[in-house]
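Please look through the sequence and the structure below. The report that follows goes through a few of the features found there.

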Amino acid sequence: MTAIQSHLESASKAYSSTFTKGHLALPPAKKYLVLTCMDARIDPASAFGIELGDAHVIRNAGASAQDALRSIIISQQLLGTAEILLVKHTGCGMLTFKNEDAYGLVAKNLG
């Protein structure tokens with residue numbers, strides 16, 4: 001087991017042993033969805049005062065609505081969200097290359 005795996009397993013056990021929010025309803029209580037970048041420097045819960053159960057939070061590279069479309073549809077059509085907050089940010093790594101560059105790296109490195 002790697003050090004990262006060990007850390008994640010320990011953190012998960014600690015979290016689950018004290019988790020008391022299983023009673024929260026499945027749909028988000030405040031009926032909104034946040035779509036933001038996967039950048040590890042962004043903490044949407046802290047930035048927008050989101051408590052557990054308040055909202056759906058979707059993260060992907062560059063906060064792409066196209067990439068998140070399936071989840072957005074489920075959130076709105078099946079789980080009742082009514083608003084979307086789209087959060088882009090400065091210094092986004094997605095601005096440093098084109099999709100073709102990423103495809104080329106995958107082909108080169110993974111075949």
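## Arg41 and Asp39

Arg41 is exposed, with a relative accessibility of 65%. Its side chain meets that of Asp39 in a salt bridge, with N and O 2.5 Å apart. Asp39 is buried, because its relative accessibility of 14% falls under the 20% limit for that class. The bridge between Arg41 and Asp39 thus has an exposed residue on the arginine side and a buried residue on the aspartate side. The model is a predicted one, and the distances and accessibilities in this report are computed from it.

## The other salt bridges

How many salt bridges does the structure hold? The number is three, and the pair of Arg41 and Asp39 is one of them.

Another joins Glu9 to Lys13, whose closest N and O atoms are 3.5 Å apart. Both residues belong to helix α1, which covers residues 3-18. Glu9 and Lys13 are four residues apart in this helix, so about one helical turn separates them. Glu9 is partly exposed at 34% relative accessibility, while Lys13 is exposed at 53%.

Lys30 and Asp54 also meet in a salt bridge, at 3.7 Å from N to O. Lys30 sits in the loop between α1 and β1 (32-37), and Asp54 sits in the loop between α2 (44-48) and β2 (55-60). The pair therefore ties together parts that are 24 residues apart in sequence. Is each partner buried or exposed? Lys30 is exposed, with a relative accessible area of 51%, but Asp54 is buried, at 8%.

## Nonpolar cores

Which residues make up the largest nonpolar core? There are six: Leu33, Leu35, Ile58, Ala63, Ala68 and Ile72. At least two of these residues come from β1, and at least two come from α3 (65-78). Another core lies apart from this one; it has five residues, including Tyr32, Val34, Ala55 and Val87. In soluble globular proteins, nonpolar side chains tend to be buried together.

Leu33, one of the six residues in the largest core, has contacts with several parts of the chain. Leaving aside residues up to four places away in sequence, Leu33 touches His56, Ile58, Ile72, Ser75, Thr81, Glu83, Ile84 and Leu85. Of these contacts, Ile58 and Ile72 are also members of the largest core.

## A nonpolar patch on the surface

Some nonpolar residues are found at the surface. Tyr15, Phe19, Leu24 and Leu52 make a nonpolar surface patch of about 390 Å². Leu24 lies in the loop between α1 and β1. At a relative accessible area of 34%, Leu24 is partly exposed.

## Two cysteines without a disulfide

The structure holds zero disulfides. For Cys37, the nearest cysteine sulfur is that of Cys92, 3.9 Å away. For Cys92, in turn, the nearest cysteine sulfur is that of Cys37. Why does this pair not count as a disulfide? A disulfide needs two cysteine sulfur atoms within 2.5 Å, so the 3.9 Å between Cys37 and Cys92 does not meet the cut-off. Cys37 is buried, with a relative accessibility of 5%, and Cys92 is buried too, at 9%.

## Two residues with positive phi

Lys31 is not a glycine, yet it has a positive phi of about 60°. Lys31 lies in the loop between α1 and β1 and is partly exposed, at 44% relative accessibility.

Ala63 is not a glycine either, and its phi is positive, at about 55°. Where does Ala63 lie? It is in the loop between β2 and α3. Ala63 is buried, with a relative accessible area of 2%, and it belongs to the largest nonpolar core.

## His23 and Phe97

His23 is found in the loop between α1 and β1. With 62% relative accessibility, His23 is exposed. His23 and Phe97 are 74 residues apart in sequence. In space, 43 Å separates their C-alpha atoms.

Methods. Residues are numbered from 1 along each chain as its sequence is written. This is a predicted model: local features need pLDDT of at least 70, side-chain atom pairs count only at pLDDT 80 or more; totals for chains, interfaces and linings use all residues. Side-chain values use heavy atoms; hydrogens and water are left out. A salt bridge is a side-chain nitrogen of Lys or Arg within 4 Å of a carboxyl oxygen of Asp or Glu. Buried means under 20% relative accessible area, exposed over 50%, partly exposed in between (1.4 Å probe, protein chains only). Patches are made of residues with over 30% relative accessible area and no salt bridge: like charges are joined within 9 Å, nonpolar side chains (Val, Leu, Ile, Met, Phe, Trp, Tyr) within 5 Å. Accessible areas come from the Shrake-Rupley method with a 1.4 Å probe; for residues, only the protein chains shown count as cover. A nonpolar core is a set of buried Ala, Val, Leu, Ile, Met, Phe, Trp, Tyr and Cys residues joined through side-chain atoms within 4.5 Å. Contact means heavy atoms within 4.5 Å.
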